[in-house]
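Trainee: Could you walk me through this model before I go back to the bench?
Mentor: Gladly; let us have it in front of us.

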Amino acid sequence: MLGRFVLVILSVGLLLGGCGKEPIQVGGELPEKLYGRIVSLSPSTTEIIALLGLETKIVGRTAACDAPETIRDRPIVANPTPNVELIISLQPDIVIFDASLFSGDDPAIVKLEEAGLEIRPVDINSVDEWRDVVVDLGNLLSQQVAASKEIDKLTASLHKGKLDPQPSVLIAMGGSQPMVAGVDSFQGDVARKAGAVSVGPASNRFETVNIEQIASWNPDVVFVSDDPNVYLSNAGWAATNAGRNGRIFRVHPNLLLRPGARVADLIGSMHDTMRNEFSQSSN
């Protein structure tokens, strides 16, 4: 796997018989820039930066960035609007953020660029895009080995394969006023990668839905970020295959709703939960 990355190795001088040979460059090229101070403007990017072993380089975060715990003492620079003056005062080498939260023409982002700061948006709507972001940031931040290990973990989770029978899965949040993940969203792709069929609206984000829509999808399994009992107490949800069979499962919201540090764990745990449920029902 390491062959997928451009490994950056410092040049070393070899003393051969004291003849003063020129230093020999081993491996790739030196990085153009070293990033010692990073501001992250989204929880998912904060988790990915920490995943690469760079949590000590984070000098600013958002109020919603609560993982890992080691970054909670860092200054809050966005809540949710970025504090441009505070970010500039921290003198970051780079500002990284989720493109779904801020557009390139967002006034705060424009001001940061005008101040001469390097801006790096990431856009994650699928598992493949998450993998690409980990690779790209690993290369950019000279953390190729750490990135490679995480991609290996993801690959292992993807090798679990499709489920047989293959259940339909809906991912929801909001309890009594539910929103569900679109089939083109990151969460919808996670369900597919976990071996199931993703059902829901034709969207790349969470959408507000009504009981009639839920009934039309009639999911076999529902994963939620809050209390499953709230859904089971609703007649519409309880009438679905998932509700009738008690297959509405809670997943920690940080894990289910963010394309952050534990994507491989999310895919693996969803796959195992569904496999165990349907293997038991077939016995």
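What follows is a chat about pockets, one residue and the nonpolar cores.

Mentor: Before you start, note that this is a predicted model, in which local features need pLDDT of at least 70 and side-chain atom pairs count only at pLDDT 80 or more, while totals for chains, interfaces and linings use all residues. Residues are numbered from 1 along each chain as its sequence is written, and side-chain values use heavy atoms, with hydrogens and water left out.

Trainee: OK, how much space lies in the largest pocket?
Mentor: About 520 Å³, where a pocket is an open set of points on a 1 Å grid over the protein atoms alone at which a 1.4 Å probe fits, with protein on both sides within 12 Å along at least five of seven lines, and the volume is the space filled by probe spheres set on the points.

Trainee: And which residues lie nearest its centre?
Mentor: Those are Asp-98, Ser-100, Leu-101, Leu-257 and Pro-259, out of 19 lining residues, a lining residue being one with an atom within 4 Å of a point. By class the lining divides into eight nonpolar, seven polar and four charged residues, and helices H1 (43-51) and H6 each supply at least two of them, a helix being a DSSP run of H or I of at least four residues.

Trainee: What about the second largest pocket, how much space is there?
Mentor: About 220 Å³, with a lining of 13 residues, of which Glu-47, Ala-67, Asn-254, Ala-261 and Arg-262 lie nearest the centre. The largest share of that lining, three residues, comes from H1.

Trainee: Switching topic, is Gln-187 buried or exposed?
Mentor: Gln-187 counts as buried because its relative accessibility is 7%, and buried means under 20% relative accessible area with a 1.4 Å probe, protein chains only. Gln-187 sits in helix H6 (residues 186-193).

Trainee: Which residues does Gln-187 touch?
Mentor: Not counting residues up to four places away in sequence, Gln-187 touches Ile-171, Ala-181, Phe-206, Leu-256, Leu-257 and Arg-258, with contact meaning heavy atoms within 4.5 Å.

Trainee: Last one: how many residues are in the largest nonpolar core?
Mentor: There are 47, and Ile-171 and Phe-223 are among those that touch the most other members; such a core is a set of buried Ala, Val, Leu, Ile, Met, Phe, Trp, Tyr and Cys residues joined through side-chain atoms within 4.5 Å. Helix H4 (residues 127-140) gives the largest share of this core, seven residues.

Terms used
Helices (H or I, at least four residues) and strands (E, at least two) are DSSP runs, numbered from the N terminus. Buried means under 20% relative accessible area, exposed over 50%, partly exposed in between (1.4 Å probe, protein chains only). Ala, Val, Leu, Ile, Met, Phe, Trp, Tyr, Cys and Pro count as nonpolar, Asp, Glu, Lys and Arg as charged, and the others, Gly among them, as polar.
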